[in-house]
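Please open the structure in a viewer and set the display so that single residues can be selected by number. The tour below moves from one selection to the next.

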Amino acid sequence: MAVYTALSDAELAALLAEYELGSALACDGIAAGVENSNFALTTAKGRFIFTLFEKRVREADLPFFMQIMARLAERGVPAPQPIATKSGALFTQVKGKPACIVTFLDGDWPRAPQVAHCAAIGDALARMHVALEGFALERENALSVDGWERLITSRLAQAEALRPGLAAEIAADMAAVRAAWPSELPRGPIHADLFPDNALFVGERLTGVIDFYFACTDFLSYDLAVCLNAWCFAEERDYDAARGAAMIAAYETVRPLSAAERTALPTLCRGAALRFFATRLADWFDTPDGALVKKKDPLEYADKLAVHRRAGRAADYGA
């Protein structure tokens, strides 16, 4: 989350006039993440999150995101419930940009994930995949192989400026992943960005999965690969097999991986690392000065790629 666009009191009042939420008691910007402007909103009806969509989000994609959240919330997965306007719409427009309000979920994100957190995420991810079986809408993953290659290839000189020799390493990673990328694995709606700061816990109990604005239709096991990257490294070059084993075991208790998914897991993990290296590299150099946001270091994922180059089996990740 972040704040790129400020909102005046009058603009906030006009927004809330579209809802049955009452007037604002508080509306505070949230500084985390890099994609949209987000605000913690309090009214007489309770606490909510108001999001103003800034970049890499098309208004045409919002029905996909909103309906995924609504379905998960209805089926017992702890996802935000979109709030409908008085006319029944799940999103609206503010300052010429699409916007939505969703329910607030209690908890905080884990700064130092432990084995129990990773197990809870594996369980929740599988339950999400099962709950979304038969979901009618589809959305292409714009940040799959073609997408991250476009971002990285145009910025190889910037990668080299971050660390000498990095451009050649990343180019070799892209070639290897493209050659090995699978074509036939179980597919469906995935979160695609389930990092620790997109999960809420009270103690070791998962209370919320948030920020579905990269959700798309892709390999279900790619979603697991994203989580292994995001949750299971003690340090950038130190993969924690105990965390990975807990996550995969909890996932498979709900939805067992196929033999093909297990075979593809090292490639999927390497690809997921390239995807986040790509967007972090772009944001590192493109985020405007003055934005209330903390940029994330692309070198974290450059270092994780070194681990994935050595992995050859699902067992290397704890499966």
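Select Glu-149 together with Met-174 and Arg-178: leaving aside neighbours within four places in sequence, these two residues are the ones in contact with Glu-149. The model is a predicted one. Now extend the selection to residues 145-153, which form helix H4, the helix that holds Glu-149. Is Glu-149 buried or exposed? Its relative accessible area is 17%, and the cut-off for a buried residue is under 20%, so Glu-149 counts as buried. Next, show the side chains of Glu-149 and Arg-178, which make a polar contact with each other at 2.9 Å.

**The whole chain**

Clear the selection and display the full chain, in which there are 10 helices and 11 strands. How does the radius of gyration of the chain, with its 319 residues, agree with that of a compact globule? A compact globule of that length would have a value near 20 Å, and the chain has 19 Å, so the two agree. Taken along the principal axes, the C-alpha atoms fill a box of roughly 55 × 45 × 35 Å.

Colour the residues by burial, and 54% of the 319 residues fall into the buried class. The accessible surface comes to about 13,200 Å², and carbon and sulfur atoms contribute 53% of that area. For a contact map, consider the contacts with a separation of 6 or more: residues 24 or more positions apart account for 74% of them.

**The open sheet**

Select the strands E1 to E5. In which order do these 5 strands lie in the open sheet? The order is E1-E2-E3-E5-E4, with antiparallel pairing. Strand E1 (24-29) and strand E4 (92-94) stand at the edges; each has a single partner strand, so one side of each is left without a neighbour in the sheet. On average, and with direction ignored, neighbouring strands of this sheet are turned by 35° against each other.

Strands of a sheet pair through backbone hydrogen bonds, so a backbone display is useful for the next selections.

Select residues 37-43, strand E2, which pairs with E3 in the antiparallel sense over 7 bridges. A hairpin of 2 residues joins E2 to E3. To locate one bridge of this pair, pick Ser-37, whose partner in E3 is Leu-52.

Keep Leu-52 selected and turn to the other pairing of E3. Strand E3 (residues 46-52) is joined to strand E5 (residues 97-103) by 5 bridges, again in the antiparallel sense. In E5, the bridge partner of Leu-52 is Ala-99. Leu-52 is thus a bridge partner of Ser-37 and of Ala-99. Thr-51 has its own bridge partner in E5, namely Cys-100.

Why is E3 described as largely enclosed by the rest of the structure? The reason is that 5 of its 7 residues are buried.

**A second hairpin**

For the last stop, select residues 199-202, strand E7, and strand E8; these two run antiparallel and are joined by 4 bridges. One of these bridges links Val-202 to its partner in E8, Arg-205. The hairpin of E7 and E8 has 2 residues between the strands, and in it Gly-203 takes a positive phi near 65°. Strand E8 itself (residues 205-209) is mostly covered, with 4 of its 5 residues buried.

Technical notes. Residues are numbered from 1 along each chain as its sequence is written. This is a predicted model: local features need pLDDT of at least 70, side-chain atom pairs count only at pLDDT 80 or more; totals for chains, interfaces and linings use all residues. Side-chain values use heavy atoms; hydrogens and water are left out. Two strands pair if DSSP finds at least two bridges between them. Axes are lines fitted to C-alpha atoms, for helices over the stretch in contact, and angles run from 0 to 180 degrees between N-to-C directions. Buried means under 20% relative accessible area, exposed over 50%, partly exposed in between (1.4 Å probe, protein chains only). A polar contact is a pair of N or O atoms within 3.5 Å; within protein, one must be able to donate a hydrogen and the other to accept it, and residues adjacent in sequence count only if both atoms are side-chain atoms. Contact means heavy atoms within 4.5 Å. The radius of gyration is taken over C-alpha atoms; the globule rule is 2.2 Å times the number of residues to the power 0.38. Accessible areas come from the Shrake-Rupley method with a 1.4 Å probe; for residues, only the protein chains shown count as cover.
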